[in-house]
Amino acid sequence: MNYVFTKNNKTLAIALMVIGLAAVVFGFMTDVKRIWASLLIGNFYLMAIALAGTFIVAINYAAQSGWPVLIKRVPEAMGQYLPFAGIFMLLIFIFGGHDIYHWTHHTLYEPLLADGTPNPEFDPIINGKKAFLNTPFFIVRMILYFVIWSGFTWMLRRESLREDLNGGLKHYNKSVTLSAVFLVLFAITSSTSAWDFLMSIETHWFSTLFGWYTFSGMFISGLVVTTIAVLYLKDNGYMPRVNANHIHDLGKFVFAFSVFWTYLWFSQFMLIWYANIPEEVIYFVQRIEHYKFLFAANLVVNFMFPLLMLMSRPSKRNYKWLMVVCLVLIGGHWVDLFLIVMPGVVGAHWHIGFIEVGTTLGFIGLFMYVFFSSLAKAPLEPANHPMLVESVHHHI
């Protein structure tokens, strides 16, 4: 059965994009730094969800798992947003990098002024990182990230569609090989891109756990969107052979990786806070002092809520219950990203208003349009996959 991209869904996606455009115009008229930070948050969040989609496809191929075959079209379609995310990320850096990334200010790298006197803006720490943090190399890395991510997304999608037409094991085996290569590259680029796009906002600070921490938020967000999409499609009469056991497994993944995210959050926070080294602990001091409510809400919404709501077996098999939890987590992990980006850009002068929410809604609208368009281009149930029967009869 093929998904039909309905007029109502198109209208909703376009309406959200219009809201996003209005928020961008309003932001540039009122607070430039705030709008650039909001654009980075919105684009990175949807980029992470799209990248998690490709990761979900690849990890299941590499593990040769059978149960998710019936739902694999969903993460495949999520990954199709990556080229759009790459274009926006490049534009955000080119036109807004000076407002977001302090290390792009050229005066930080000159020890002396033109008259030979000491430069008061010279920063020896940032100057020591200029071999890595410089504009040409940053742009090269950014382009490389999206070429790798989008390229493997396209190749995995191509082999999936060819498998529908031709059958046999040739395309499946090629997908397994592509997935294994992608996962190696993903392990590197998911961390280095997190350093580039997010951690370099506060150039003096670094954490050896930051790449893992960002990955955990990315993965749980991707799992949540996959679950929401599957529940939505099933509720609208699609995916008839997806059953409560598939939904249960999705619920287990959402539950498990919410705990995994919390483990990494606590590990990063506890080690830095306990050591109390000034140049490290300032990252959390700033967030606790100026973002107190959001800092506490982040842990409650992204850990306590899913832990309590999804602990029992029936809760993971209850479609409406699981949908509510996933929708809350969508907002929760946006708050987590907000706490990563905003303190380094606007400091204590933060807001959550039309600019922040509107820009993210705009990116959500574009993501929805790309996702549903891609979903409508192929049958929702893969044909000729060697593990299709196993997925159809999946039972736990």
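Biologist: What makes the contact of the side chains of E381 and R241 a salt bridge?

Modeller: In this predicted model, the N to O distance between E381 and R241 is 2.3 Å. A salt bridge is a side-chain nitrogen of Lys or Arg within 4 Å of a carboxyl oxygen of Asp or Glu, so the pair qualifies. E381 lies in the loop between α14 and α15 (388–392) and R241 in the loop between α8 and α9, so this salt bridge ties together parts that are 140 residues apart in sequence.

Biologist: Why are E381 and R241 called partly exposed?

Modeller: Residues under 20% relative accessible area are buried, those over 50% are exposed, and those in between are partly exposed (1.4 Å probe, protein chains only). E381 has 24% relative accessibility and therefore counts as partly exposed. The relative accessible area of R241 is 39%, and therefore R241 is partly exposed as well.

Biologist: Which residues are joined into one network by salt bridges that share partners?

Modeller: The network consists of K72, R73, E76, R157 and D164. Within it, D164 forms a salt bridge with R73, their closest N and O atoms being 2.2 Å apart. D164 belongs to helix α6 (residues 135–166) and R73 to helix α3 (residues 73–78), so the pair links parts that are 91 residues apart in sequence. A helix here is a DSSP run of H or I with at least four residues, numbered from the N terminus. Both D164 and R73 are buried. In total, the count comes to 12 salt bridges.

Biologist: How do you know that E159 and R162 meet in a salt bridge?

Modeller: Their N to O distance is 3.7 Å, and the limit for a salt bridge is 4 Å, so the pair is counted. E159 and R162 both lie in helix α6, 3 residues apart, about one turn of the helix.

Biologist: Are E159 and R162 buried or partly exposed?

Modeller: E159 has a relative accessible area of 1%, which is under 20%, and therefore E159 is buried. R162, at 37% relative accessibility, falls between 20% and 50%, so R162 counts as partly exposed.

Biologist: What makes a space a pocket and not a cavity?

Modeller: On a 1 Å grid over the protein atoms alone, a cavity is a set of points where a 1.4 Å probe fits but cannot get out, whereas a pocket is an open set with protein on both sides within 12 Å along at least five of seven lines; lining residues have an atom within 4 Å of a point. The largest pocket is lined by 18 residues, and V225, I228, L327, I364 and M368 lie nearest its centre. Two or more lining residues come from each of α1 (7–30), α2 (32–63), α8 (210–235), α13 (319–346) and α14 (354–375). Helix α14 gives the most, with 5 residues.

Biologist: How many residues lining the largest pocket are nonpolar, polar or charged?

Modeller: The lining has 17 nonpolar residues, 1 polar residue and no charged residue. Ala, Val, Leu, Ile, Met, Phe, Trp, Tyr, Cys and Pro count as nonpolar, Asp, Glu, Lys and Arg as charged, and the others, Gly among them, as polar.

Biologist: Which residues lie nearest the centre of the largest cavity?

Modeller: They are T214, G217, M218, D336 and L337, from a lining of 13 residues. Helix α8 gives the most to this lining, with 5 residues. By class, the lining of the largest cavity has 8 nonpolar, 4 polar and 1 charged residues.

Biologist: How should the numbering and the values be read?

Modeller: Residues are numbered from 1 along each chain as its sequence is written. The model is predicted, with local features needing pLDDT of at least 70 and side-chain atom pairs pLDDT 80 or more, while totals for chains, interfaces and linings use all residues; side-chain values use heavy atoms, leaving out hydrogens and water.
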